[in-house]
Amino acid sequence: MNNALFDDFKYWGLPQLPPDLKSRWYDIINTYDNDVKFYESILPGGNYDLLEIGCGTGRLIPTWLRYLKGRIFALDKEKFMLERAVSKTRSHPEKVRLNFVEADILDKTPLPKVNFAIASTNFLSLFSNKIKRMKCLTNIRKLLSNNNSELVVDIDAFPEGFKTENFYTSSYEKDGHRLLVLRYDYYGKEPHTISSQYLYIPFQGFKPYAAFTEETETCFPPTSELEEEFQQAGFKIKTIYGNYNKKKYRKEDPVRIFILNPDF
Ligand SMILES: C[S@@+](CC[C@H](N)C(=O)[O-])C[C@H]1O[C@@H](n2cnc3c(N)ncnc32)[C@H](O)[C@@H]1O
């Protein structure tokens, strides 16, 4: 299904926003930090190595560097996202422990084994079917070093969004520039999926000067399905939290944060 607004947009003739500005606007939009205290509370602070899969522009990297003393591997498939993460950490006093990895987690990525892997902010929901989720999970599983290693999967980071058919608009302002965001959500092809079309138009004053569109399909499978997939991918479920204050998950909770151990 396509929204006519997004089709008509093709004829507006605005140039594509360059990737560096795209990742800058990504940071202006994504200012949430409600998960940071949660991660602070679960990281043991020792000499452990950590992998963040889909690190984006590195929102959580300072937290990893502050709470762990080992190496941090920050993986993302998008060069323009990683470039911003690199520039934001250039003067970090601990940056020698930081390794940026441009790779798709669905591909084979030669990486050293780690003690922690983090799939934050709905990362797993970006895989819209079981085949892709299983590939993602088995690839992560191979990168964990021992029985005590952990994978954290935060799959419902914004439970209020993404679950209904709807049209949203929002706008953001920074340094005299305004970004208008139009988002259209509709039920996707696969079960439990929501497709979203985004249209972003940055303005200076009243003049739009670029635009970009994005399409995503996010999938929020029921807990029983996820539990089965985690086990099939070689994980044991250590615990499931129902919010960032580490409340034990109950069926009615809109949030699920899974803590998994590899089952060797
Ligand atoms: C919503 S951002 C999350 C950023 C960060 N984890 C955070 O919590 O602030 C998701 C990131 O995952 C990346 N990504 C999506 N699919 C991926 C894949 N198959 N392999 C690696 N990275 C991927 C995207 O490029 C994007 O930067």
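These legends walk through a few views of a predicted model.

**Figure 1. The whole chain at a glance.**
Start with the full fold: seven helices and twelve strands make up the secondary structure of the chain. The radius of gyration comes out at 19 Å, close to the 18 Å that the globule rule gives for 264 residues, so the chain is as compact as a globular protein of that length. Along the principal axes, the C-alpha atoms fill a box of roughly 55 × 45 × 35 Å. Of the 264 residues, 28% are buried. Take the contacts between residues at least 6 apart in sequence, and 64% of them turn out to join residues at least 24 apart.

**Figure 2. Two domains, each built from two stretches of chain.**
Domain 1 takes in 4–27 and 164–219, while domain 2 takes in 32–159 and 221–262. Their centres, taken over C-alpha atoms, are 26 Å apart.

**Figure 3. Where the two domains meet.**
Here 14 residues of domain 1 are in contact with twelve residues of domain 2. On the domain 1 side, helix α2 (19–29) and strand β10 (212–219) each bring at least two residues to the meeting place. Helix α2 gives the most, with seven residues. What kinds of residues make up the side of domain 1 that touches domain 2? It's a mix: three are nonpolar, five are polar and six are charged.

**Figure 4. The shell around the ligand.**
Zoom in on the ligand and you'll find 17 residues surrounding it. The closest are Gly54, Gly56, Arg59, Glu78 and Thr121. By type, the shell divides into eight nonpolar, four polar and five charged residues. Keep an eye on Thr121, one of the closest residues to the ligand, as the next legend picks it up again.

**Figure 5. Two positive phi values in one loop.**
Most residues other than glycine have a negative phi. Threonine 121 goes the other way, with a positive phi near 40°. Asparagine 122 isn't a glycine either, and its phi is also positive, at about 65°. Threonine 121 is found in the loop between β4 (116–119) and α6 (130–142), and asparagine 122 lies in the loop between β4 and α6 too. Are these residues buried, exposed or partly exposed? Threonine 121 counts as partly exposed because it has 18 C-beta neighbours inside 10 Å. Asparagine 122 has 20 other C-beta atoms within 10 Å, so it is buried.

**Figure 6. The buried side of helix α5.**
Helix α5 runs over residues 79–89, and its buried residues are Met81, Leu82, Arg84 and Ala85. Why do these four sit on the same side of α5? They cover an arc of only 160° around the axis, which puts them on the same side of the helix. A bit of background helps here: an α-helix has 3.6 residues a turn, so residues three or four places apart point the same way. As for what covers the buried residues of α5, the list includes α2, α4 (61–67), β2 (72–76) and β3 (98–102). Helix α2 also turned up in the domain view, as the element that gives the most to the side of domain 1 that touches domain 2.

**Figure 7. A tyrosine on strand β6.**
Tyrosine 168 lies in strand β6, which spans residues 166–174. Is tyrosine 168 buried or exposed? With 12 other C-beta atoms within 10 Å, tyrosine 168 is exposed. Now look across to leucine 179: the two residues are eleven apart in sequence and, C-alpha to C-alpha, 14 Å apart in space.

Notes:
Residues are numbered from 1 along each chain as its sequence is written. This is a predicted model: local features need pLDDT of at least 70, side-chain atom pairs count only at pLDDT 80 or more; totals for chains, interfaces and linings use all residues. The radius of gyration is taken over C-alpha atoms; the globule rule is 2.2 Å times the number of residues to the power 0.38. Two residues are in contact if their C-beta atoms, placed from the backbone, lie within 7 Å. Domain bounds come from an automatic or database domain assignment. Ala, Val, Leu, Ile, Met, Phe, Trp, Tyr, Cys and Pro count as nonpolar, Asp, Glu, Lys and Arg as charged, and the others, Gly among them, as polar. A residue is near a molecule or strand if its C-beta atom, placed from the backbone, lies within 6 Å of it. The arc is that of the directions from the helix axis to the C-beta atoms.
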